[in-house]
Amino acid sequence: GQVFEEAMMNPVVLALVTHLCGYSAVLSSYSALVKGPNKSDFDFHSDILLPAPWPEHSLVCNATYVLTPFDREHGSTAFLPGSHKWGHGPTEAQSKVDQNPEAVAIEAEPGSVFVWHGNTWHGAFHREKPGLRVSTPILFARPYMRTEEDLFGHIAQESLDRNSERFAWITQQGISYGWANHEDALTRSPR
């Protein structure tokens, strides 16, 4: 829908994405997260799905729109400050959010957006309050990274027509990953 296109193309979001992953960044995934009250934390992890060592520059970055109140009691995202510089993900012993006194809760009002380097260790605190925590994470990647979703040839023409050329690039319409053309991509016939 158009509101999701506008959120992805938000100039502030794109400025931060460009800073982290370059102007040619592409959409890797776009989803929604809904979390109710629970007694378990979501362990620290990273959005880099590669073995260590990781490069210092960001291969992916995440832009998350906050749709309900975010703080520790509401089960917000947790970060481990400085972890984006370590070049590896957490071990099992390091992954427990609630056992790490350095874990920091994101505090944000609905309508906020936060963007982070893909190497950053993040998870979530358990939700103590009634109700739901809702957010919309958008994962961007450098164009040479394998994306979580294959969008080539799967974006409606009306979406392409109402947006800029950069929208087409971000949604992978300019990247065939080895397929000869749009028709080949839809039938998965190699070059």
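**Exercise 1. Work out the strand order of the open four-stranded sheet, and find its edges.**

Step 1. Go across the sheet: the order is β3-β8-β5-β6, with antiparallel pairing. Strands here are DSSP runs of E, at least two residues, and helices are runs of H or I, at least four residues, both numbered from the N terminus. Two strands pair if DSSP finds at least two bridges between them.

Step 2. Look for strands that pair on one side only: these are the edge strands, β3 and β6 (104–105).

Step 3. Zoom in on β5 (residues 77–79), which is joined to β8 by three bridges and runs antiparallel to it. Here F79 sits opposite H122 in β8.

A word on the model: it is predicted, so local features need pLDDT of at least 70 and side-chain atom pairs count only at pLDDT 80 or more, while totals for chains, interfaces and linings use all residues. Residues are numbered from 1 along each chain as its sequence is written, and side-chain values use heavy atoms, with hydrogens and water left out.

**Exercise 2. Describe the largest pocket and what lines it.**

Step 1. Get the volume: about 470 Å³. A pocket is an open set of points on a 1 Å grid over the protein atoms alone, where a 1.4 Å probe fits, with protein on both sides within 12 Å along at least five of seven lines; lining residues have an atom within 4 Å of a point. The volume is the space filled by probe spheres set on the points, which are joined across faces, edges and corners.

Step 2. Find the centre: of the 26 lining residues, L33, F42, H45, H122 and P137 are the closest to it.

Step 3. Trace the lining back to its strands. β9 (133–141) is among those that supply at least two residues, and its five residues are the largest share.

**Exercise 3. Take apart the largest nonpolar core.**

Step 1. Pick the best-connected members: among 18 residues, M8, F140 and I170 touch the most other members. Such a core is a set of buried (under 20% relative accessible area, 1.4 Å probe, protein chains only) Ala, Val, Leu, Ile, Met, Phe, Trp, Tyr and Cys residues joined through side-chain atoms within 4.5 Å.

Step 2. Ask which elements contribute: α1, α2 (11–21), β4, β9 and α4 (165–170) each give two or more residues. The largest share, five residues, comes from α2.

Step 3. Follow I170: leaving out residues up to four places away in sequence, I170 touches M8, M9, L14, A25, V26, L27 and F140, with contact meaning heavy atoms within 4.5 Å.

Terms used
Buried < 20%, exposed > 50% of the residue type's maximum accessible area, 1.4 Å probe, protein only.
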